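Here are some notes for a colleague who is opening this entry for the first time. Please read them with the structure in view, taking the points in order.

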Amino acid sequence: PNPETHWYYLQEESHLGNNLRMSLLAIELVEPWTSIRSIAGVELRDEDVVPLNPRLPGSCFETRAMELPESLLMKSINITWTVGGSFTVDETAIMYGKWNVLDRQLFDCVTQPTKQELDEFFTILRNIEQMEGEDEDEMEAEVGFTPVVAGVTRWHSSQIRNSDDMIPTETTFTVSLDLGRYKVGDVIAIYALARVDQEWVHG
């Protein structure tokens with residue numbers, strides 16, 4: 001088959017092109033997801049799902065890890081992430097904290113914690129921190145959140161209308177994270193969280 005012919009059908013307004021676009025959209029929208037794209041200007045390779053390669057609990061401690069030079073620890077670093085599997089991003093933010101504080105059974109690099117599990121974990125964590133007399137800065141150093149932002153994904157009608165490409169460029173979010181509260185040797189977990197398509201829930 002001629003690749004140029006295939007590209008022609010994708011670009012043209014034809015039944016085949018429309019069906020291919022709808023198929024790609026259906027595959028994408030199976031389940032919402034987030035992915036961190038870069039940290040401190042270093043792009044991360046998207047290898048979370050590798051065909052025929054099992055994902056083992058705790059594997060991301062090595063496969064999705066990077067070391068930052070000491071000079072950066074007293075500065076703010078930019079984190080870029082994207083949200084997919086949806087149309088509208090109602091809320092998204094970065095969760096960060098020390099790995100030794102997180103529940104390894106809950107944050108195991110494989111399963112997605114439910115909202116109830118996250119709420120229960122943070123309620124217990126904050127209660128322990130208050131009992132130990134930690135102040136607000138110390139609590140945030142252990143586990144904290146960046147300000148919540150919102151937007152739309154590449155599949156939103158506004159993005160498709162304004163794009164000349166068959167598949168619009170993915171939407172990315174960026175936040176600056178202050179690492180000044182951490183010391184050399186700290187192992188920090190960074191998660192991208194999102195709540196999407198809430199208009200479907202509320203009708």
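1. A place to begin is the pairing between strand 1, which covers residues 33-39, and strand 2: the two run antiparallel and are joined by 2 bridges. Within this pairing, isoleucine 39 stands opposite valine 42 of strand 2. Please keep in mind throughout that the model is a predicted one.

2. Strand 1 also pairs with strand 3, again in the antiparallel sense, and here the pairing extends over 6 bridges. One pair to look for is serine 38, which stands opposite threonine 80 in strand 3. Strand 3 itself, made up of residues 76-84, is mostly covered, since 7 of its 9 residues are buried.

3. Strand 3 is in turn joined to strand 7 by 7 bridges, and these two strands run antiparallel as well. Isoleucine 79 can serve as a landmark here, as it stands opposite valine 175 in strand 7.

4. Taken together, these pairings give an open sheet of 4 strands in the order 2-1-3-7, with antiparallel pairing. Its edges are strand 2, residues 42-43, and strand 7, residues 172-178, each of which pairs on one side only.

5. Which residues have the most contacts inside the largest nonpolar core? This core has 16 residues, and the ones with the most contacts inside it are Ile36, Ile79, Trp81, Val83, Ile94 and Leu177. At least two residues of the core come from each of strand 1, strand 3, strand 4 (88-98), strand 7 and strand 8 (188-196). Strand 3 gives the most, with 4 residues.

6. Isoleucine 94 deserves a separate look: leaving aside residues up to four places away in sequence, it touches Ile79, Trp81, Gly144, Phe145, Thr146, Val175, Ile190, Tyr191 and Ala192. A second core, separate from the one just described, has 14 residues, and among them are Trp99, Leu106, Leu118 and Phe121.

7. The structure holds 1 disulfide, which joins cysteine 60 to cysteine 109 with an S to S distance of 1.8 Å. The pair links distant parts of the chain, 49 residues apart: cysteine 60 lies in helix 3 (residues 60-63), while cysteine 109 lies in the loop between strand 4 and helix 4 (115-131). The torsion about the S-S bond of these two cysteines is about -50°, and the disulfide is therefore left-handed.

8. Are the two joined cysteines, cysteine 60 and cysteine 109, buried or exposed? A residue counts as buried when its relative accessible area is under 20%. Cysteine 60 has a relative accessible area of 16% and is therefore buried, and cysteine 109, at 11% relative accessibility, also counts as buried.

9. Some totals may help to place these details in the whole. The protein has 7 helices and 8 strands, and 33% of its 203 residues count as buried. It exposes about 13500 Å², of which carbon and sulfur atoms supply 54%. Among the contacts with a separation of 6 or more, 76% are accounted for by residues 24 or more positions apart.

Notes
Residues are numbered from 1 along each chain as its sequence is written. This is a predicted model: local features need pLDDT of at least 70, side-chain atom pairs count only at pLDDT 80 or more; totals for chains, interfaces and linings use all residues. Side-chain values use heavy atoms; hydrogens and water are left out. Buried means under 20% relative accessible area, exposed over 50%, partly exposed in between (1.4 Å probe, protein chains only). Contact means heavy atoms within 4.5 Å. Accessible areas come from the Shrake-Rupley method with a 1.4 Å probe; for residues, only the protein chains shown count as cover. Two strands pair if DSSP finds at least two bridges between them. A nonpolar core is a set of buried Ala, Val, Leu, Ile, Met, Phe, Trp, Tyr and Cys residues joined through side-chain atoms within 4.5 Å. A disulfide is a pair of cysteine sulfur atoms within 2.5 Å.
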